[in-house]
Amino acid sequence: MSDVVASPSVRARARETGIDLERLARDLGRQTITREDLDGGKAAAGATSYWDVDHAQYGPVTEQPMSRFAQVAAANMAAAQALIPAVTHHDRADVSAVEAFRTSLKAEAQARATKLTALAFHVKALARCLRDFPTFNASLSADGKTLILKRFVHIGIAVDTAHGLMVPVVRDVDRKGLWQIAADIADLAARAQERKVRGEEMGGASMTISNLGAIGGTGFSPIINPPELAILGISRTETMPVWDGETFVPKPHVPLDLSYDHRVINGADAARFMTHYASLLADPRRILV
Amino acid sequence: MSDRHAELVVLGAGPGGYACAFRAADLGRTVVLVDPRPTLGGVCLNEGCIPSKALLHAAEVIRDAREIGDWGVALGEPRIDLAGLRDRKDGIVGQLTGGLTGLARRRKVRVVRGTARFTGPDSLDIDGVAWTFDQAVIAVGSAPIALPGWPEDERIWDSTAALELRAVPKRLTIVGGGIIGLEMATVYSALGSKTTVIELSDQIVPGADPEAVGILHAALVEEGIEIHTSTRVAGVKAVRAGLTLTCEGAFAGDIKADAIIRAVGRRANGGLLNAEAAGVAVDDRGEIRVDAQCRTGQPHIFAIGDVTGGPMLAHRATHQGHVAAEVASGHAAALDTVLIPAVAYTRPQLAWAGLTVAQAKEAGIAHKTTSFPWAASGRNLSSGGGDGLTKLVYCPDTRRVLGASLVGANAGELLAEAVLAMEMGATLDDIALTVHAHPTLSETIAFAAERALGTLTDL
Ligand SMILES: Cc1cc2nc3c(=O)[nH]c(=O)nc-3n(C[C@H](O)[C@H](O)[C@H](O)COP(=O)(O)OP(=O)(O)OC[C@H]3O[C@@H](n4cnc5c(N)ncnc54)[C@H](O)[C@@H]3O)c2cc1C
């Protein structure tokens, strides 16, 4: 018999909704799982399933099976959303200096055959921020009684692939230069497309970045990748007028969205974290000092 | 679509097969159910659970009639009309199997009478007729094991022959002291046979809790049944005057008998299906391995019931049948429990589920036991019950119930409470704090829990 106590109907429901009870019990730090736990703490809305609908009665439909991969990812998303009281903080950073620096390094990038992406700067700046705010570089213990502070800085990169979302991790980014980080991201992203990222190359991140900058959007609320405490969403850089005291000058700004676990991080901490982050990006020399 | 094509074909109409076919039909599937027998219900209804329980009921009443003499109520020695008893048993079987035919018709399950063999991954031969299918469920059950080197003789019966009630032999020897062997001993000794049971292991009902089995053993001996454990039958000789079993081990010597019942276990029927043609592996015991979803190695072929190995019990087959039907129809079902209750309908009954002490020890699981003797149960004594025991195995940390063994009248019915408690993760406290009616045998479960908690006032 399993150590997890759950009645047969709860076990059946967990199976139907793709929830791994052993894992849920570990995440909740307890042995007994009830019906309500499966609904993320909310009371079940009777026996109604919102998804048990005959859609064909409203018009023609075709069915496309969810891959195993997609089913697991869906269950993880649902569990993360249900289990973490998350808040999303919005900010933006002036990236004029980063863009100028990137332009100045174009020739060298060509020579090295490595594209020095804006994402590499984000990773580097985030690493510095995590060093400066150690409680963001942490995870809660399973019983919720201990905060485990990480003395390494690994950054997960959410990669959109043909078979679904994957999150390979760039290790020890605080000890790597921008070229190396850019090369690591390019390598992991390329292999993720071919599903050739090894299991040990995923997991263990301090925080994850989800970058939609190349696609578009002015902001979004990313879902935290447990057991991490926060995730940083990046949207498309926009040029906006900034008052310099005398006149409006056009400045490129990147929208930033930080979703964080409110059990550990408070709003004021998040605001301070993001202000610091934006200031590092606005003047990347400050990452060094 | 061709008349010889099945969307879902179920092979075998035992408790596994018919449950699967009916559940699938209820889920909207078009189902074909195949079995060579003239009636539905498989071994369980035709030659297993049901006819044996009918005869055991008669045995129970015969004994009650004798014992009521001690209560100052004399009914006299029962006179047994074997043909009448046989008819009654057959009538019950007929009523139930006939009922199944009606249930199949109402669900539009197409019943095909015949023996099926695979000819490919999606094709079958049913008595010479070629069929194709999209999905198949193998539910072909098991058959009694024959022992090598025994003579062919019509006085040597398997359980099926024994249930036909051909005669009441003067001297009957039953080889095999498992559930089926002991149930037959209970029936025939009540009908008047001088009955001997021979068991290879060092206890009857091997695997069950030795303390509970000890009580059953003593009661059977008290009834006049002779039991030899740790004894093997080395050979059987048949002459016109009778049968002779030569035994070795704890009992060494010859036993003379007028009939023998062979009850040494059952063998899965997986080997009779040409399952290799469908790419389904069958092991050397005739069993087909399945996962919790009842899937074989082939994604569109499932297997359920006795053909998937032990415990070979009807309720396991039925639950697997539902799981297979649901999984085959796209639902996320699974048989996610190890709690398959087992009941010997002997007198007294022996019933158990979950971990025994020996199993907990072997698996290194922390455990304690608590028990309540039925000699202290008012209900047991006032209804003429003999010795009995309710024994619970529990986790000393959480006080969750891990196993239950009961011996006594109606132990099989009582076991359900313990199984539900285990499935719900109930603790001894939950059981003790649940109000049980007085006087009932169910109180013995609450009393056993209270005893462990130190709150018992009835002992
Ligand atoms: C004397 C006796 C007493 C028992 N008492 C109990 C009891 O009290 N409680 C309990 O739980 N269990 C009891 N059992 C065990 C129980 O009968 C079985 O566990 C149960 O019947 C198994 O069900 P099943 O669906 O797997 O197969 P079965 O009931 O064995 O049915 C299989 C069916 O498949 C058919 N078949 C075989 N080969 C083919 C083929 N090639 N094509 C098509 N059909 C085929 C057979 O004709 C049969 O009808 C008893 C058994 C016996 C013998």
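Trainee: Where does B:Asp127 lie?

Mentor: B:Asp127 sits in the loop between β5 (123-126) and β6 (129-138) of chain B. Keep in mind that we are looking at a predicted model.

Trainee: What makes the phi of B:Asp127 worth a remark?

Mentor: Most residues other than glycine have a negative phi. B:Asp127 is not a glycine, yet its phi is positive, at about 45°.

Trainee: Which residues does the cis peptide bond with omega of about -10° join?

Mentor: That bond links B:Gly310 to B:Pro311. B:Pro311 belongs to the loop between β17 (301-303) and α8 of chain B. Chain A has a cis peptide bond between A:Pro226 and A:Pro227, with omega about 10°. There, A:Pro227 is in the loop between β8 (207-211) and β9 (230-234) of chain A. As background, most peptide bonds are trans.

Trainee: Let's follow that loop into α8. Why are α1(B) and α8(B) called roughly parallel?

Mentor: Start with the angle: the axes of α1 (residues 15-26) and α8 (residues 314-328) of chain B cross at roughly 30°, coming within 7 Å. Angles under 35 degrees count as roughly parallel, so α1(B) and α8(B) earn that description. As for handedness, the crossing of α1(B) past α8(B) is right-handed.

Trainee: Which residues of α1(B) meet α8(B)?

Mentor: From α1(B) come B:Pro15, B:Gly16, B:Ala19, B:Cys20, B:Arg23 and B:Ala24. Their partners in α8(B) include B:Ala317, B:Gly321, B:His322 and B:Glu326. By type, the residues of this contact are 8 nonpolar, 4 polar and 2 charged.

Trainee: Why are α3(B) and α6(B) described as oblique?

Mentor: Same test, please! The axes of α3 (residues 49-67) and α6 (residues 179-191) of chain B cross at roughly 45° and come within 9 Å. An angle counts as roughly parallel under 35 degrees and as roughly perpendicular from 65 to 115. The value for α3(B) and α6(B) fits neither range, nor the one over 145, so the pair is oblique. The crossing of α3(B) and α6(B) is left-handed. Among the residues in contact are B:Leu55, B:Leu56 and B:Ile62 of α3(B), with B:Met184 and B:Val187 of α6(B). Here the division is 8 nonpolar, 3 polar and 4 charged.

Trainee: What makes B:Glu423 and A:Arg11 a salt bridge?

Mentor: Side chains of opposite charge can pair when their charged atoms come close. The closest N and O atoms of B:Glu423 and A:Arg11 are 2.7 Å apart, and the cut-off is within 4 Å, so the pair qualifies. The rule finds 3 salt bridges across the interface of chain B and chain A. This interface buries about 1,000 Å², with 53% of that on carbon and sulfur atoms. Chain B gives 15 residues to the contact and chain A gives 12.

Trainee: How do you know that A:Asp132 and A:Arg128 meet in a salt bridge?

Mentor: Their N to O distance is 3.1 Å, and the rule asks for within 4 Å; the pair therefore passes. Both residues lie in α7 (residues 118-132) of chain A, 4 residues apart, which is about one turn of the helix. Over all chains, the structure holds 42 salt bridges.

Key: Residues numbered from 1 in each chain as written. Chains lettered and ligands numbered in written order. Predicted model: local features only at pLDDT ≥ 70, side-chain atom pairs only at ≥ 80, totals over all residues. Heavy atoms only, no water. Axes fitted to C-alpha atoms, helices over the stretch in contact; angles between N-to-C directions. Helix = DSSP H or I, 4+ residues; strand = E, 2+ residues; numbered from the N terminus. Left-handed = near helix turned anticlockwise from the far one by under 90°. Contact = heavy atoms within 4.5 Å. Nonpolar A, V, L, I, M, F, W, Y, C, P; charged D, E, K, R; others polar. Buried area = accessible area lost by both parts, 1.4 Å probe. Salt bridge = Lys/Arg side-chain N within 4 Å of Asp/Glu carboxyl O.
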